[in-house]
Amino acid sequence: MQLNRRNLLKIATMSGAVLALGGRFAQAQGGQTLRVGLSTYPPHLRPWVNVGYSGHLLCSLINRTLINYNEQGQLVGELAESWENETPETWRFTLRESHFHDGSPVTAQDVEWTFQQIQADGSGAYMFDALRPITGFEVIDERNFRLTTDEPLATLPALMTFPFLSILKAGSTDAEDQGIGAGPYRIAYAEKGVSIELEPNEHYFKPGLPTLAGITITPYVDESARVAALNAGDVDMIDYVPWSAMAAIEADPALALHKVDAGAFMYLSFNGGGVFADPRLRQAVAFGLRRDEFVKSIFFGFGAEMTGLPRAAGSPYRHDDQAAFWGYDPERAKALLKEAGHENGLTVSLLSTSQYSMHRDTAVLVQAQLAEIGITVNLTMPDWATRVNLGNQGAGDFAVQGIGLDNLDPDAVTTLVDPSLSPTYLRSRNFEVEGLSEALAQGRSEMDEAKRVDIYRRADQMVLEATTFCGLCYRATGFAAKASVQDLAMLPDQLSPFSSVLFDKLKLG
Amino acid sequence: MGWFVRRLAQSLVMLWVVVSLVFLSIHFVPGDPAELLLAQDGGSPDPLMVQMLREQLGLDRPLPEQYSHNVMGILRGDLGASMVDGSSVGQEVMRRLPRTLELIAAAGILSLLIGIPAGVLSALRPRGRFSRGAAVVAGTAQSVPVFVLGTLLVVLFAQVLGWLPAGGFVPFSRDPGKHLQLLVLPAATIAIGLSAIVFRITRASMLDVLPLDFIRTARAKGVPARRVIIRHALRNALMPVITVFALQLGGLLAGTVLVETVFNWPGLSGMLVAGVNARDYPVVTGVLVVVSAFYIGLNLLVDIIYGITDPRVRK
């Protein structure tokens, strides 16, 4: 063919048509493979290391824990069929008949090996600290084992649900790769930063599951790109739905928004090394904030006010009076300031980050609202890495925080509310509340539910009055999917970002 | 020969300066990789665990020791391992570099195909409708930020028309058709702005060349108009176009962050940004060393070519 202008135009037109038709053809080939747009590619596939919510989604598709939560927030057995508290310090577990990806059975020896890896010095495991109270592991037989703790530990079953406590086949990994798990899928192909393809595990212990022919995970770090991919039909489902897109997704009949309003939450922590050593000033901040504005302006109305501690609705540990403790009361806030000797105003510094809009906007709103009661707030908002570093060094009088709890046991809030724990950027520091640590420890070791309810009610009251933690608002967390994605269930409240533990049931209609 | 050795030595010194500056700047920026690794999505790092991880990563060693370790590694061709996942930085750079180069090359070709003909046509009738219209389009294309342009293209071609995917990447070896589909929108996004620059430079350069004597002579000798424009005028007008174009392409090597983000293209820029956010020192150093070496190498090559073609340069 002669290369002239006319032929070049023909080639260009034909190439365009092929590409365009190719695009349509590619979209039509959904089949039974679910295409997921994930907010980030997991930084690595090492087991037991915290790789965030997105990493957890992959982790829960390829691995299983001993115990899990169901949609109602109740503990249910996964690899463990049953468990019982034999003595205050010992727990007996019985494994169900289940198999790893390679077909070998899940045994008590595999669980023991997994615990040994996590508890090893320098393991870097997320559960390294949490498993410290476990001092003994006894293999009774292939399917039974006994755990011994250094003191009574009521939270132990909840600990077993933790993300990144997957049971892997003994010796299957040197902790550098993902090892052999017992989840509904296994990795068939992975290219770092590009995509991960999963294929079903034919040995999965739940009959008839998984039903999908496979799952393709593609990272879309930019939230707009992620939503665009869903709208364009490039993917069937996305995680970490931006609040700005939730209303449009809800209104689109071709899409479904699966969200929990009381997902993660925003709060303030205080540094007692400065003016906030005085609890009256911490209370003044807590009473001087209009929390509904945080929900409306930062989270587009997808969230809820947080006027107490993060206790799940319907939980026996939630009490109405405590849940509504920090109502907006500017007169009381001003009175507290006056009582503390700051009737002419107070200047404090607030640490946040400019890297994430929810942290930045929260700081700006806190600054604006506290100005109304006479507190001048100077903002320090570096990038996230610097903010974490400054926070760990104890910079700032108070700090904006955002988090979700990783289990529903009432003790889960301890790490956020007890300022006497080792100082980290996540919680208040440099002051103590008399009796709080003891009450929380008592709650951890008490096996009787009714007594625990009383203990945590007392502990919560101490936290509220001392304002070691100042809740701002819950923010909705969720997944968006095409209407054809079926059986997408969500875990309740703060567990919702970890809902992927229920994704073994996902189907495509 | 002495001149060449001197230039080579200068380039190596430049590279050493770059490595040192990058190392120092990233280490003096606040932020601790160990803290960040343990603080994923609200993880609460215990100070003891942070200390243990710092020891594991070698961050507890004196800075001069870390520096010499870093430089010796680079001299051996080893860019180290990522602190986040332990993977080889060199291998990851080599995996991502071709993706970014492919994106830049596709955008470059597209911009030349648009910018040069438009510039030539515009220069032939500088006050004509086409010229005025093209100037307006070029001005607009240059002034619209790439992330806005990229988003508009996604909305139009992926969401409204459904002709092309919204973004992503599939290796050519796995699916060539899909790979090319995914290349179209990000390449076009870069090309639109770049073609405006090529258009302006070509137009200006052609306007300089067209009134010159040798063009008039060629026309007087009866050389066909198309041949005069392409063979005589454009050929002579291309030098500044190529210079500016090459500089623009060089800048894109580490400057496609926004396009890579909008279109989810896993190239070198994304790796650099993730490295900076995680304070992953080996990744940041590795990417910048490779990019700098690329620039310095290109400069050296250009200098050598100048030296060969113009002996005065060597004096």
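Two strands pair if DSSP finds at least two bridges between them. The legends below describe views of a predicted model.

**View 1. Strands β4 and β5 of chain A form an antiparallel pair.** The pairing of β4(A) with β5(A) runs over 6 bridges. One of the residues to look for is A:Ala80, whose bridge partner in β5(A) is A:Leu95. The link from β4(A) to β5(A) is a hairpin of 2 residues.

**View 2. Strands β5 and β7 of chain A pair in the antiparallel sense.** Strand β5 covers residues 90–95 of chain A and strand β7 covers residues 144–149. There are 5 bridges between β5(A) and β7(A). A:Phe93 has A:Phe145 of β7(A) as its bridge partner.

**View 3. Four strands of chain A make up an open sheet.** The strand order is β4-β5-β7-β6, and the pairing is antiparallel. The edges are taken by β4 (80–87) and β6 (134–141) of chain A; each has a single partner strand, so one side of each has no neighbour in the sheet. On average, neighbouring strands of this sheet are turned by 20 degrees against each other, direction ignored. Helix α3 (residues 108–119) of chain A lies across β5, β6 and β7 of chain A. Relative to β6(A), helix α3 of chain A runs at about 165 degrees.

**View 4. Two loops of chain A hold backbone features at A:Pro210 and A:Tyr240.** The peptide bond from A:Leu209 to A:Pro210 is cis, and its omega is near -5 degrees. A:Pro210 sits in the loop between β9 (195–200) and β10 (214–219) of chain A. A:Tyr240 is not a glycine, yet its phi is positive, at about 45 degrees. The loop that holds A:Tyr240 lies between β11 (237–238) and α6 (243–251) of chain A.

**View 5. Chain A is in contact with chain B.** Chain A contributes 47 residues to the contact and chain B contributes 45 residues. On the side of chain A that touches chain B, α1 (5–28), α2 (52–62), α5 (223–232) and α12 (384–393) of chain A each supply at least two residues. By class, the residues on this side of chain A are 22 nonpolar, 19 polar and 6 charged.

**View 6. Confidence varies along chain A.** The mean pLDDT of chain A is 91, and 94% of its residues reach 70 or more. Residues 17–31 of chain A have a pLDDT below 50. In the model this stretch has 19 contacts beyond near neighbours in sequence.

**View 7. Helices α5 and α12 of chain B cross.** The axes of α5 (residues 89–124) and α12 (residues 268–277) of chain B come within 7 Å and cross at roughly 130 degrees. That angle falls between 115 and 145 degrees, the limits for roughly perpendicular and roughly antiparallel, and α5(B) and α12(B) are therefore oblique to each other. From α5(B), the contact is made by B:Glu92, B:Val93, B:Arg96, B:Leu97 and B:Thr100. From α12(B), it is made by B:Leu268, B:Ser269 and B:Met271. The residues of this contact divide into 4 nonpolar, 2 polar and 2 charged.

**View 8. An unreviewed UniProt entry lists transmembrane regions in chain B.** The residues listed there are 12–29, 103–124, 136–160, 180–199, 237–263 and 283–306. In the model, residues 136–160 of chain B are 92% helix and 0% strand, with end C-alpha atoms 26 Å apart. Residues 180–199 of chain B are 100% helix and 0% strand, and their end C-alpha atoms lie 26 Å apart.

Notes
Residues are numbered from 1 along each chain as its sequence is written. Chains are lettered from A and ligands numbered from 1 in the order in which they are written. This is a predicted model: local features need pLDDT of at least 70, side-chain atom pairs count only at pLDDT 80 or more; totals for chains, interfaces and linings use all residues. UniProt positions are given in the numbering used here, feature names are shortened, and annotations may be inferred rather than shown by experiment. Two residues are in contact if their C-beta atoms, placed from the backbone, lie within 7 Å. Ala, Val, Leu, Ile, Met, Phe, Trp, Tyr, Cys and Pro count as nonpolar, Asp, Glu, Lys and Arg as charged, and the others, Gly among them, as polar. Axes are lines fitted to C-alpha atoms, for helices over the stretch in contact, and angles run from 0 to 180 degrees between N-to-C directions. Angles under 35 degrees count as roughly parallel, over 145 as roughly antiparallel, 65 to 115 as roughly perpendicular and the rest as oblique. pLDDT is the predictor's confidence in each residue, from 0 to 100.
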